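Grab your favourite viewer and a coffee. Here are a few exercises to work through, each with a solution you can check as you go.

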Amino acid sequence: MSTQRGQFQVHCITLANPEGETVDIASQVGQIDLYENIFETFITGTLRVFDGLNILERFRLFGQEYIHLNISQYEGTGEEAAKTFTIDKNLRIYKITQVEKVSSTLYTYLIHLVDPRMFFTRKARISTTYRGSISDIIANLCIDKAHISKEEFDLFEESKPDNLQVVVPNLTVHETVSKLTSEALTMDSGASWANPFFFYQTVNGGFRFCSIDTMMQQEYPIEFTYNIARQNKIEESTLENKESGKNSQILAVTTPKRFDVAEGMATGAYAGRKNSYDQITQISSEVIFDLSEVYARNPKGHHSGYVQLRVDDEFEKIIEGGEVVDEDTPPDYREVDFDTNLHKSFDAYFKNSIDMNHKFGVNADYASSDTFRDIDFNHGSSESFERNALEKMLHQNMTRISIPGRTDIQCGLMLHAEIPLTQVDDNKIENPFDDSKFLITGIKYEFKVASKESFCHLECVKESIAAKIEDAEIAVSDAYRSD
C-alpha cells in the first residue's frame, strides 16, 4: 500500500475556450493550488503548467477561458473518497503570469483561476431598495444577480431583524453583499458577538452564510498531533485508523503573528467611542465600546473563553526591569508610570453617526417605532464596534498548520491540534492558555500532480484563550531550576 501523504487522484483538468475547443491538460500540470477563506466570497487557485503543446496560442488564452477540475483523495488502500469530499469545480482563467521559456520545446507559466461568479458580482451595479432580513436579501441577490443557485448553499443562517429597509446607491453586487454581511445580526440572543456573519465559498462544497458561533460549534472529527521526532517517518494508515499515522500528523507549524496590540488599538479591536447626533431633536449621544464586556457577556460562547488581553485594572502599569544580580535571582522591577488600559482607550478609535428614527417612515409621533428600520437602526448600541473588533481579533493570534492533503476539510471548522510547548527534558509542560482548539479561517490545498502527494496549509486563529492572563501559572521544567 502506498504511504504517500495525502494521496489523491486527478480525474480531469479540462480547458475550454469560448470557441468550443477543449483539451485535457492534466499531463501538462505540475502543481495545483486552491484557496478558500472566510473573508473571501469566492475560491481562487493556480495551475503550474509545463507547456510543450503551445496551449497558450493554440487555445487562445486571453482571460475568458475555463478550467474544469475534478480531484478526489484516496481513503486508505486506493478507495476513492465519497462524492461529498470530491473537488469538482468549473473555474475561470483571469490571469497568466511567470511565463518562461525553459527550452526550445517547453514553456512554463502560472494560470490564475477564480469562480466565474466573481465577474457577475463585480460588473453588475444596483440602485434599488430592498426590504426584509439581511439573510433574505443576500440570498435573493445571489440567485438573481450572481447566478448562484439555491442548491449551492451549504449553510445559510437567518439574521434579524426581518423588517429592514436597505437603499443601495449604485453599488456593485460584491460591495452590497460585503456591506450587508458585516451588518447582519444573529438570531441568537446569547451569541458571543452581535454581528458575526461571514459569506464565503468552500473548495469542496458550496456557499455558506454563517455566524462565528456556528463555526465554533462545528468540530472536525479528527485530532491532529505534532511530533517532531517522527516528522519524517510516515506511518502506513487509512482513514479508518484516524488517530495515528499520516492522516493525523501535523507536518509543520508556524506562527506568523501572535499579537499586535498597536494595530489592535489603532483599528478599534479593544475599545472605541461613537458620537450619534439626532437631527430632529438636535441631541448628541455617546456610545463606548469595551472589548472586555463582550467576553464577560457570555464567556462560554467564545472559542476558549477568555479575552487575549489583560483587563483587570483601570490603568496599565508601565514597569521597568532592574539589573541582573545573579543567575539564581530574577531581576527586580519597579513601576515608573501608568497609562489607560487598552480596553479603556476609547478615543483611539472614534466614529460619528447620524441618528434618524424615522428615516423611511411617515409616522407623526417621532418616538414611535417605524414599520421598516434603517440598516443602522440601533444607534445607541456598540454593535458596529463588535463586528470591527471581531474581524481584527481574527487577525491577531494566527497559526499556520500544515497537514497531509485532505479534500474533506473546510474553512469555518474547529480543529483540534495538539502542539506541545518546547521541552528540555521528559517532563511535559502544560500551556494553560492553549486548549488545542483552533478556528480554520483559510486553507491552501496543494496538489503535487507528478508525485500524487498533497498537503493542506491551514490558516488558524484563536478568537480567545483558555485561561485568564492575570491568573494563569505555567509550570517550569526541572531542567530550568537551580540546585
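The exercises below go through a predicted model, one region at a time.

**Exercise 1. Find the strand that holds E418, decide whether E418 is buried, exposed or partly exposed, and list its contacts away from its sequence neighbours.**

Step 1: Start with the secondary structure. E418 sits in strand 24, which covers residues 414-418.

Step 2: Check the accessibility. The relative value for E418 is 31%, and buried would need under 20% while exposed would need over 50%, so E418 is partly exposed.

Step 3: Skip everything within four places in sequence and see what remains. E418 is then in contact with F224, T225, Y226, I250, K428 and S436.

Step 4: Pick Y226 from that set and compare sequence with space. E418 and Y226 are 192 residues apart along the chain, yet their C-alpha atoms are 6.3 Å apart.

**Exercise 2. Work out how many disulfides the structure has, and look at how buried C12 and C456 are.**

Step 1: Recall what you're looking for. A disulfide is a covalent bond linking the sulfur atoms of two cysteines.

Step 2: Run the search over the whole structure, with sulfur atoms within 2.5 Å as the criterion. The count comes back as zero.

Step 3: Now the accessibility of two cysteines. C12 has a relative accessibility of 15%, so it counts as buried. C456 is buried too, at 1%.

**Exercise 3. Lay out the open sheet of three strands and say which helix packs on it.**

Step 1: Write down the strand order. It reads 19-18-22, and the pairing is mixed.

Step 2: Identify the edges. Strand 19 (283-290) and strand 22 (350-355) each pair on one side only.

Step 3: Get the twist. Ignoring direction, neighbouring strands in this sheet are turned by 20° against each other on average.

Step 4: Zoom in on one pair. Strand 18 (residues 271-278) and strand 19 run antiparallel and are joined by eight bridges. One bridge pairs D278 with I283 of strand 19.

Step 5: Add the helix. Helix 8 (residues 383-393) packs on the sheet and touches strand 18, strand 19 and strand 22. The helix direction makes about 150° with that of strand 18.

**Exercise 4. Describe the surroundings of N388, a residue of helix 8.**

Step 1: Is N388 buried or exposed? Its relative accessibility is 13%, so N388 counts as buried.

Step 2: Look for side-chain polar contacts. The side chain of N388 makes one with the side chain of K392, at 2.8 Å.

Step 3: Leave out residues up to four places away in sequence. N388 then touches T267, G268, A269 and Y349.

Conventions. Residues are numbered from 1 along each chain as its sequence is written. This is a predicted model: local features need pLDDT of at least 70, side-chain atom pairs count only at pLDDT 80 or more; totals for chains, interfaces and linings use all residues. Side-chain values use heavy atoms; hydrogens and water are left out. Helices (H or I, at least four residues) and strands (E, at least two) are DSSP runs, numbered from the N terminus. Buried means under 20% relative accessible area, exposed over 50%, partly exposed in between (1.4 Å probe, protein chains only). Contact means heavy atoms within 4.5 Å. Two strands pair if DSSP finds at least two bridges between them. Axes are lines fitted to C-alpha atoms, for helices over the stretch in contact, and angles run from 0 to 180 degrees between N-to-C directions. A polar contact is a pair of N or O atoms within 3.5 Å; within protein, one must be able to donate a hydrogen and the other to accept it, and residues adjacent in sequence count only if both atoms are side-chain atoms.
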